[in-house]
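Me: I should like to request a close look at a single part of the structure shown here. Please keep the answer connected and suitable for a first-year student.

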Amino acid sequence: MWFRRNGHHEEPALVLSGGGAMGALQTGILRVLTRRGFRPPRIVGTSVGALNAAFLAFHPGETGGEMLADVWRSLQDEHYIRANPVRIALRIAARKRYLIKNDFLQNLIAEHTVIDDFSATEVPLYISATNLATGRKHVFSEGSVSQAVLASTAIPGLFSPVEIDGVCYVDGGVTANLDLATAVDLGAKQILAIDLSHCFELPEPSNVMDVVTRTVDIVLRERVEHDMDRLGREARIALFQPRIERGPGVGDLSQVSRLLEQGEAFAERIVDECFDAKGRLQPGTFGEDLSIPAGDTLPA
């Protein structure tokens, strides 16, 4: 890509944030990057970003980007958050640690995992989750990839915590939705990050879930800004940050095709801005407002 073509030793590390169904938008961006020959020396992913990161780590390059887009297209109109009020009520009564089973993601990961071990990836992979007991970030880089991805995507209270070696883990977004710190700790001096924290704009929350979503978004955005300020002194960070007002909900996959298209179009307009004439990464935030219609509400 730009770096090797201009004599640099390695391309930027890739960091992928969480963002639910907006993982399709992230995939559209990745499709453009891989098409242009981008192959990061390491990938760090959280939540749905962990799902995308794991796929690319096993299948880097343009072919991998196309395959990942095909996986997302196959999910069109699916709902990975299936809310059955009767079952939810029973689980609450039984004092379960979750409201909804995570069968959808478990089956999806199993379907696309050939060798379920970090040692089998072609690009070094790091997946961020949250240790439920300590409340601290935990980064997986060995063992079962599928279990690490499930842990990183285990939305607290909604999905069951994932137990690995006797320790329970929940969604990595709780502690590091865009885990720039891990990339820096691994020695990265150049980082290309795709942040989805601005993809759920709700200027006027109309119900309880809107209020919760908006509150979480505020926390995630503040953390990204703080990390950019702090870690930008240690590495050159180019942050891709698409912005969407009232797009599809976190678990709504009805707009996958549109999200893929918009992600590609966004990346085509933005990518060249991130590099100077000599192919050097330009630090900063590269954002743009996108228009994607909201899908239907989740069925009971």
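In the hairpin of β3 and β4, which residue takes a positive phi, and how many residues lie between the strands? Please then describe the strands around this hairpin and the parts of the chain that accompany them.

Reply: The model is a predicted one, and the description that follows should be read with that in mind. In the hairpin of β3 and β4, 5 residues lie between the strands, and G135 takes a positive phi near 75°. Strand β4 covers residues 137-140. The two strands run antiparallel and are joined by 4 bridges. Within this pairing, A129 of the hairpin stands opposite H138 in β4.

On its other pairing, β3 is joined to β2 by 4 bridges, and these two strands run parallel. One pair here is I43, which stands opposite L125 in β3. Strand β2 (residues 43-46) is in turn joined to β1 (residues 13-16) by 3 bridges, again in a parallel arrangement. The residue I43 takes part here as well, since it is the bridge partner of L14. Between β1 and β2 the chain passes through helix α2 (residues 23-35), and this β-α-β crossover is right-handed.

Strand β2 offers a clear example of how side chains are arranged. In a regular strand, the side chains alternate between the two faces of the sheet. Accordingly, I43 and G45 point one way from β2, whereas V44 and T46 point the other way; all of them are buried.

The loop that leads into β3 also deserves attention. It lies between α6 (103-112) and β3 (125-131), and T121 is found in it. Is T121 buried or exposed? Its relative accessible area is 15%, which is under the limit of 20%, and T121 therefore counts as buried. A polar atom of the T121 side chain lies 3.0 Å from the backbone oxygen of F118. The backbone oxygen of V123 is likewise 3.0 Å from a polar atom of that side chain. When neighbours within four places in sequence are left aside, T121 is in contact with A57 and F58.

The same loop between α6 and β3 also contains T113. At 23% relative accessibility, T113 is above the limit of 20% for buried residues but not over 50%, so it counts as partly exposed. T113 and S146 are 33 residues apart in sequence, yet their C-alpha atoms are 7.4 Å apart in space. S146 is one of the buried residues of α7. That helix, residues 145-152, is mostly covered, with 7 of its 8 residues buried.

Finally, the strands may be set beside the nonpolar cores. The largest nonpolar core has 64 residues, and those with the most contacts inside it are W72, I127, F140, I194 and F240. The largest share of this core, 8 residues, comes from helix α3 (residues 48-58). A second, separate core has 18 residues, among them V15, Y126, A193 and L239. With neighbours within four places in sequence left aside, the contacts of I194 include V15, L16, I29, L33 and F240.

Notes:
Residues numbered from 1 in each chain as written. Predicted model: local features only at pLDDT ≥ 70, side-chain atom pairs only at ≥ 80, totals over all residues. Heavy atoms only, no water. Core = buried A, V, L, I, M, F, W, Y, C linked by side-chain atoms within 4.5 Å. Buried < 20%, exposed > 50% of the residue type's maximum accessible area, 1.4 Å probe, protein only. Contact = heavy atoms within 4.5 Å. Polar contact = N/O pair within 3.5 Å; in protein donor to acceptor, adjacent residues only side chain to side chain. Pairing = 2+ DSSP bridges. Right-handed = clockwise from strand over helix to strand, strands pointing away.
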